[in-house]
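Student: Could you walk me through this one with me? I'd like to take it piece by piece.

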Amino acid sequence: MKDQLQALIEQAIDALRQDGTLPGDTAVDVQVTRTKDKAHGDFATNVALQLAKPARKKPRDVAEAIVARLPASGLVARTEIAGPGFINLFLGEQAKLSVIATIREQGERYGRSQLGAGKKVQVEFVSANPTGPLHVGHGRGAAYGAAVADLLEAVGFDVHREYYVNDAGRQMDILGTSVWLRYLELVGVELPFPTNAYRGDYVYDIAATLHREHGDHYKREAAEILDGLPPDEPDGGDKEEYIDAMIARAKELLGDNHYRFVFELGLNVILDDIRDDLAEFGVTYDTWYSERSLTDKGAVNLAIERLREAGHLYEKDGALWFRSTDFGDEKDRVVQRDNGQTTYFASDIAYHMDKMERGYDRVIDVWGADHHGYVPRVKAALKALGEDETRLDVLLVQFAILYRGGERVQMSTRSGSFVTLRELREEVGKDAARFFYVMRRCEQHLDFDLDLAKSQSADNPVYYIQYAHARVCSVLRQMEAKGLKHDPSHGEAKLSLLTESHEQEILATLARFPEVIEAAALVEEPHQIANYLRELANDFHTYYNAHQFLVDEPAIRDARLSLILAVRQVIANGLGLLGVSAPQEM
C-alpha cells in the first residue's frame with residue numbers, strides 16, 4: 001500500500017518536472033508514513049516541504065501542485081493539505097478492503113518484500129565457547145540472532161548465518177584438562193580439583209566416556225602430576241597459575257597425541273550437544289567456522305603482518321602490540337605475547353578480516369552485552385587493515401534473568417550451577433522461550449518470568465497470540481460441524497459489509513504488517529513483530545467476543561470468515577518470523 005502511494009506521488013512529481021513547475025534535475029526521496037490520528041488521513045507525506053526550496057515556492061503551493069497532478073486512482077479517495085505543507089492521504093474503501101485478497105493470494109509470502117535484494121548480509125550469533133552446554137544467557141542471543149536473520153531474509157537480503165567456534169585457546173585447554181582430571185578420579189587417582197577448572201556434571205560424563213572406551217590408558221600417578229606444581233587456592237596459591245601449570249603438566253605427561261585426543265573428545269561432545277540444542281530450539285546455521293582453521297591456514301599471521309606493514313604494531317616487554325588508540329580505542333592491545341603465542345584478539349582480527357574478504361555488504365555480530373568494550377578495538381583493527389569498519393554492526397544483547405515464584409534463579413557457569421537452554425525449553429517450551437527472549441529490545445535487561453511463560457492466560461503474550469490463531473481454526477471446525485462452507489470469492493465480494501468498528505480496526509492492522517516487517521528488519525528489532533502480533537491478537541479477541549461469525553446471512557458470514565482467515569494467516573506469518581509455532585488447537 002505504501003509503495004503504491006509513493007509511486008503515485010512520484011508520478012505527480014514527474015509531471016511537475018515536465019511542465020517546468022520543478023527543475024528537471026530535482027531529486028527527492030518520497031517518504032509516505034502512516035498517520036497516528038485517523039482524522040489526518042491514513043497516510044501522510046512531507047515531500048512538498050522537501051521540494052519547496054528547489055521549486056522556489058511555498059510548501060503549501062507545492063503540495064497543491066502535487067495533489068493536482070496525482071493520477072486518478074481508486075487507491076486515494078481524497079487528500080488534504082495540512083500545516084505548512086503536509087499532504088494527508090485518505091484511502092478509498094476498496095483500497096482498504098483489498099488487503100484481504102492480497103493476503104489470500106500471497107499466503108505465507110504476505111509481508112515479505114525485495115527491499116534488500118542483491119545485498120549480502122552475514123549474521124554471526126551465539127558463538128559460545130564449546131566448554132559447556134548452552135545456558136539461558138546464550139538462549140537470548142540465539143533467539144534474537146535467528147529472528148534478525150529471518151527478518152532480513154524476509155525483506156530480500158541474502159543472509160548467511162554463522163557460528164564462530166572458539167575451538168582454540170586457554171579456555172579449551174582448561175576444559176580438556178578438567179576432563180582428564182575427572183577421568184583420573186574414575187581410575188582411582190586422588191588429586192585436588194583446581195578451583196578454576198570446569199565443574200559441571202557434563203565434565204564427568206565426558207570423562208566417563210574416556211574411561212569406558214580407553215580404560216587406564218590415560219592414567220598417570222598423582223606424585224608425578226603434582227611434582228613442582230604451585231599451590232591452588234585457598235592455600236595461598238594463585239588459581240590462574242595453578243590451572244595453567246596443570247594444563248602444561250597434562251600436555252607433558254600425556255604427550256601431544258594423547259592430550260589432543262582428550263581435548264578433541266571434550267570439544268566434539270560439547271559442540272555436538274550445542275548443535276543439537278540449537279536445532280531443537282529452531283536455530284540452524286549455514287557455517288560453523290573454526291577458530292583453529294584461521295591459524296591452520298595462516299590467516300592470523302597474515303593479519304598481524306598486514307598490521308605490521310601498515311605501521312600499526314610495536315614491540316614492548318617482548319610482546320607485540322596493536323596501536324589501537326590511534327583509531328579511538330581506550331588503550332593499545334596485545335596481538336602476540338612475549339612467549340610467541342598470538343592472542344584471542346589476533347584471531348578475532350583475522351576472523352573479521354576473513355569476513356570482509358568474503359564480500360558481504362554488511363556483517364552483523366550478535367554479542368553479549370559484557371563484550372561492549374570489545375567493539376571499538378575490533379572496529380579499530382578493521383580500519384587499520386584498510387577495511388570499511390562501518391560495514392560491521394555489533395548488536396549487544398543484555399542478560400536474561402530467570403525468576404521462578406518471584407525469586408531470582410542464581411547461576412554460575414564455571415561452577416556448573418546454571419540453568420541450561422535445554423532445561424528452559426523443557427520447562428516452558430520452545431515457543432514461549434523464543435517469544436519471551438525477543439519481546440524486549442536486545443539492549444534492555446530481560447526478566448524472564450518462568451511462571452508467566454507457562455501460564456495459559458491472557459497475561460502470557462505468546463499464549464494470547466497463539467490462542468487467537470487456534471480460535472480461528474476452531475471457528476472453521478464449528479463451521480464444518482454445522483454443515484456450512486466458506487466461499488472465499490463471495491466473501492471478498494461482500495467485504496463492504498464489514499462496517500463494524502472492530503472490523504475496520506482489524507483491516508487497518510492487517511494492512512500494516514508489511515511495513516512492520518520492513519521497519520523491524522532495517523533496525524534489527526524483532527520485538528516490533530512481537531508487539532504487532534499482540535495488537536492483532538487483541539483486535540481479534542475483542543472482535544470474537546463482540547460478534548458472531550457463523551451467522552445465518554451468507555454474505556456477512558463469508559465476509560467475516562474471509563477477514564478472520566486473513567488474521568490467521570498473518571499471525572502464522574508473524575510467529576514464523578520469531579521461530580514460534582501457530583497451533584490449530586490449544
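Student: How are the 3 strands of the open sheet ordered?
Tutor: The order is β14-β13-β15, with mixed pairing. Strands here are DSSP E runs of at least two residues, and helices are H or I runs of at least four, numbered from the N terminus; two strands pair if DSSP finds at least two bridges between them. This is a predicted model, where local features need pLDDT of at least 70, side-chain atom pairs count only at pLDDT 80 or more, and totals for chains, interfaces and linings use all residues. Residues are numbered from 1 along each chain as its sequence is written, and side-chain values use heavy atoms, leaving out hydrogens and water.

Student: Which strands stand at the edges?
Tutor: β14 (407–408) and β15 (446–449) do; each has a single partner strand, so one side of each lacks a neighbour in the sheet.

Student: And how do β13 and β14 pair?
Tutor: β13 (residues 400–404) pairs with β14 in the antiparallel sense over 2 bridges. Y403 has R408 in β14 as its bridge partner.

Student: Switching topic: R333, buried or exposed?
Tutor: Buried, at 8% relative accessible area (buried is under 20%, exposed over 50%, partly exposed in between; 1.4 Å probe, protein chains only). R333 lies in strand β10 (residues 333–336).

Student: What does the side chain of R333 reach?
Tutor: The backbone oxygen of K331, at 3.3 Å.

Student: What is R333 in contact with, beyond four places in sequence?
Tutor: L320, W321, F322, S324, F345 and R377, where contact means heavy atoms within 4.5 Å.

Definitions and conventions: Polar contact = N/O pair within 3.5 Å; in protein donor to acceptor, adjacent residues only side chain to side chain.
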